[in-house]
Amino acid sequence: MKDQNQLYADAVALLKTLIATPSPSREEAATADLLVGFMRRCGIADVRRSGNNVWARNRWFDPAKPTILLNSHHDTVPPNAGYTRSPFEPVEEDGKLYGLGSNDAGASLVSLLALFRYFYEERDMRSNLCIALTAEEEVSGRNGMESLVPQLGEIDFALVGEPTEMQMAIAERGLVVLDCHVTGRAGHAARNEGDNAIYKALPDIEWFRTYRFPKESDLLGPVKMTVTVIQAGDRHNVVPDRCTFTVDVRVNDRYTNAEVVEEISRRVSCEVVPRSLRLMSSSIPEDHPVVLAGKALGRTCYGSPTMSDQAFLRVPSLKMGVGHSSRSHIADEYVYLHEIKEGIALYIALIDRLVRAPFNELKERER
């Protein structure tokens, strides 16, 4: 096992290098190179790469044992116009580390990698560890976690690192984006002609604003629908014959995405076209061994409104990571250095309880 103080120092140094290496979604090759090199220098054998996803297993991996997946992402959103600092210059100031991707999700990534290194050489663990540092998370891209899952082999549980203040997000909303199309008939605006597609769209838009799905979640609340984009017409004197609007639908854990789309299609008159049904909600029971282990460490449970690579995992998973969700995607993004140190210690304490306690009974329990 490694010294935790050294793991912390290495984690901060790695995070600074990641910040200094631009990695917008779909352009993460440089940070993937960086992570492969770092892991190899740390003595991690058989580091694997698939596209810009980097992954590895503990040295004494045993297929007969259950496997815990550790996951976070190394892509970032583009820097926004509000930055007053260089987004790619890692700066320590007043106990904070500034830089794009520091909070979302670099701090969680380097802390999970520290956790993986801590247990990497251990021979007698009751569970395997597999770490996956993924690309394209910010855009839910098909070349990120979704493409990597089939290569990882059997996974029994996943710990996903996103900024949650190291509390336990035991449920996460799914996402469906709908493009809705209304057809009218063109006419001259000065005469009583045509069939205005904007007016025809209004009752459906109002339905999206007011409808409440009957099944609500204790952790995630109701399904949430928000009309976010509308397009119609191109001249002031022509009645528009086409109106298209976009709806952002955040699905709770009481419905599948397909069920929500089916219900919507039955109740509105416009044509409803989902862009994708792949970004599913997720949840984990409060009596799952990892949740019980987290509670024993003083962690609290909540439902997360934001998405992560959990959407592509079809196994029990927990979102728990370093930093605060409200700092994600903001100008002058930062993470507190003490959060990284505390996060590494909490991660190690959590996984220690699993690899030496009842997690090895998980397969039997879920059969």
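**Exercise 1. Find the bridge partner of Leu175, then build up the sheet around it.**

Start with one pair: in strand 13, Leu175 has Arg250 as its bridge partner. That pair belongs to a longer ladder, since strand 9 (residues 174–183) and strand 13 (residues 242–251) run antiparallel and are joined by 10 bridges. Keep in mind that we're working on a predicted model.

Next, put the two strands in context. They sit in an open sheet of 4 strands, ordered 11-13-9-14, with antiparallel pairing. Strand 11 (224–232) and strand 14 (271–274) are at the edges; each has a single partner strand, so one side of each has no neighbour in the sheet. From one strand to the next, the twist averages 25°.

Now add the helices. Helix 5 (residues 197–210) packs on the sheet and touches strand 9, strand 11 and strand 13, with its direction at about 10° to that of strand 13. Helix 6 (residues 257–267) lies across strand 9, strand 11, strand 13 and strand 14, and runs at about 25° to strand 9.

**Exercise 2. Do the same for the sheet that holds strand 4: give its order, its edges and the helices packed on it.**

Begin with the order. The sheet is open, has 3 strands in the order 4-5-18, and pairs in the antiparallel sense. Strand 4 (91–93) and strand 18 (334–336) are the edge strands; with a single partner strand each, they have one side left without a neighbour in the sheet. Ignoring direction, neighbouring strands are turned by 25° against each other on average.

Then zoom in on one pairing. Strand 4 and strand 5 (residues 96–98) are antiparallel over 3 bridges. Take Glu93 as a check: its bridge partner in strand 5 is Lys96.

Finish with the packing. Helix 1 lies across strand 4, strand 5 and strand 18 and runs at about 25° to strand 5. Helix 8 (residues 337–355) touches strand 4, strand 5 and strand 18 too, but its direction makes about 60° with that of strand 18.

**Exercise 3. Describe how helix 1 meets helix 3.**

First, the geometry. Two packed helices are described by the angle and the distance between their axes. Here the axes of helix 1 and helix 3 come within 9 Å and cross at roughly 140°. The crossing is right-handed.

Second, the residues. On the helix 1 side, the contact uses Gln4, Leu7, Asp10, Ala11, Leu14, Leu15, Leu18 and Ile19. Helix 3 answers with a set including Gly106, Val110, Leu113, Ala114 and Arg117. Sorted by class, the contact has 12 nonpolar, 3 polar and 2 charged residues.

**Exercise 4. How many cavities of 30 Å³ or more does the structure have, and which elements line them?**

Count them: a search of the whole structure gives 2.

Take the largest cavity, with a volume of about 100 Å³. It is lined by 15 residues, and those closest to its centre are Leu18, His74, Thr76, Gly101 and Gly106. Helix 1 (4–19) and helix 3 (102–119) are the elements that give two or more residues to this lining. Helix 3 supplies the largest share, 4 residues. The class split is 6 nonpolar, 7 polar and 2 charged.

Now the second largest cavity, at about 40 Å³. Its lining is Leu7, Asp10, Ala11, Leu14, Phe38, Val110, Leu113, Ala114 and Arg117. Again, helix 1 and helix 3 each give two or more residues. By class, this lining has 7 nonpolar, no polar and 2 charged residues.

**Exercise 5. What is the volume of the largest pocket, and which residues lie closest to its centre?**

The volume is about 380 Å³. Of the 23 lining residues, Asp104, Glu137, Glu162, Thr306 and Met307 are closest to the centre. The lining as a whole splits into 8 nonpolar, 8 polar and 7 charged residues.

**Exercise 6. Track down two backbone oddities, one at Asp104 and one at Arg26.**

Set the baseline: most peptide bonds are trans, and most residues other than glycine have a negative phi.

Check omega: Asp104 and Ala105 are joined by a cis peptide bond, with omega about -5°. Ala105 lies in helix 3.

Check phi: Arg26 isn't a glycine, yet has a positive phi of about 75°. You'll find Arg26 in the loop between helix 1 and helix 2 (29–41).

Note on methods:
Residues are numbered from 1 along each chain as its sequence is written. This is a predicted model: local features need pLDDT of at least 70, side-chain atom pairs count only at pLDDT 80 or more; totals for chains, interfaces and linings use all residues. Side-chain values use heavy atoms; hydrogens and water are left out. Two strands pair if DSSP finds at least two bridges between them. Axes are lines fitted to C-alpha atoms, for helices over the stretch in contact, and angles run from 0 to 180 degrees between N-to-C directions. Contact means heavy atoms within 4.5 Å. On a 1 Å grid over the protein atoms alone, a cavity is a set of points where a 1.4 Å probe fits but cannot get out, and a pocket is an open set with protein on both sides within 12 Å along at least five of seven lines; lining residues have an atom within 4 Å of a point. Grid points are joined across faces, edges and corners, and a volume is the space filled by probe spheres set on the points. Ala, Val, Leu, Ile, Met, Phe, Trp, Tyr, Cys and Pro count as nonpolar, Asp, Glu, Lys and Arg as charged, and the others, Gly among them, as polar. A crossing is left-handed if the near helix is turned anticlockwise from the far one by less than a right angle, and right-handed if clockwise.
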